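Me: Could you take a close look at one part of this model for me, the cysteines and the packing around them? I'd enjoy a connected walk through it rather than a list.

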Amino acid sequence: MKLLVHGAQLQCDQGSSPSQLTVLPTNHGDVTGANVATEQDFVPLTNIAPFGMCSSPSNPQVAAAKAPQPCVPNTTAPWTSVSSDVTLNGLHVLHDQSMCKCAWAGTIRPAGAGQDSVVLQE
């Protein structure tokens, strides 16, 4: 499995376009010149950018308009399916099988790790 780093591509199954993961340098390790993501990098608009248009009927804006509306991620809990063995500062790192749930019924998954040279063996 590949570690997720700053700039990794993300996709929400309710969004119309991919997004990028932003990993701030605070308390993160560096792999191949990029900050490594951890389970706590789930903050909407800080770590997870919008995904174009949202089509989830669970999103109140989509339900009211009865049509896709701009996607503003509503992630309220840390990433899951994180590394069980690799941690940075006590936080589990993300890999290409990690996922994060949006309160509007979307599932966010990596579409690209952001790096190709470091592989996590679990």
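Reply: Happy to; what follows starts with the cysteines, moves through the core and the sheet, and ends in the loops. Please keep in mind that this is a predicted model.

Let's begin with the sulfurs. The number of disulfides comes to zero. Cysteine 12 takes part in no disulfide, and the nearest cysteine sulfur to its own belongs to cysteine 71, at 5.7 Å. What about cysteine 71 itself? Its closest cysteine sulfur is the one in cysteine 54, 5.3 Å away, and that is too far for a bond, because a disulfide needs the two sulfur atoms within 2.5 Å. Both ends of the first pair are shielded: cysteine 12 is buried, with a relative accessible area of 6%, and cysteine 71 is buried as well, at 7% relative accessibility.

Cysteine 54 leads on to a polar neighbour. Asparagine 59 is in contact with Cys54 and also with Trp104, once its neighbours within four places in sequence are left aside. This asparagine sits in the loop between strand 5 (53–54) and helix 1 (60–65). Is asparagine 59 buried or exposed? It is buried, since its relative accessible area is 3%.

Another cysteine, number 100, brings us to the sheet. Cysteine 100 stands opposite isoleucine 108 in strand 10. Strand 9 (100–101) and strand 10 (107–112) run antiparallel and are joined by two bridges. They belong to an open sheet of four strands, ordered 2-1-10-9 with antiparallel pairing. Strand 2 (19–20) and strand 9 are the edge strands, each pairing on one side only.

The same isoleucine 108 carries us into the interior. The largest nonpolar core holds 19 residues, and Ile108, Leu21, Ile48 and Trp79 are the ones that touch the most other members. Isoleucine 48 gives a good view of the surroundings: not counting residues up to four places away in sequence, it touches Cys100 and Ile108, along with Leu10, Gln20, Leu21, Asp41, Phe42, Val43, Pro73, Thr75 and Trp79. Apart from the largest core lies another one, of five residues, with Leu3, Val5, Ala34 and Val93 among them.

Now for the loops. Glycine 15 lies in the one between strand 1 (9–12) and strand 2. At 19% relative accessibility glycine 15 counts as buried, because the cut-off for that label is under 20%. Its contacts, leaving aside neighbours within four places in sequence, are Phe51 and Met53. Which separation do the C-alpha atoms of glycine 15 and proline 50 show? They are 8.2 Å apart, although the two residues are 35 residues apart along the chain.

Two further loop residues are worth a look for their backbone. Alanine 105 has a positive phi of about 75° although it is not a glycine. It is placed in the loop between strand 9 and strand 10, and at 46% relative accessibility it counts as partly exposed. Asparagine 89 also has a positive phi, near 50°, in a residue other than glycine. This asparagine belongs to the loop between strand 7 (87–88) and strand 8 (91–92). With 60% relative accessibility, asparagine 89 counts as exposed, whereas asparagine 59 is buried at 3%.

Methods. Residues numbered from 1 in each chain as written. Predicted model: local features only at pLDDT ≥ 70, side-chain atom pairs only at ≥ 80, totals over all residues. Heavy atoms only, no water. Buried < 20%, exposed > 50% of the residue type's maximum accessible area, 1.4 Å probe, protein only. Pairing = 2+ DSSP bridges. Contact = heavy atoms within 4.5 Å. Core = buried A, V, L, I, M, F, W, Y, C linked by side-chain atoms within 4.5 Å.
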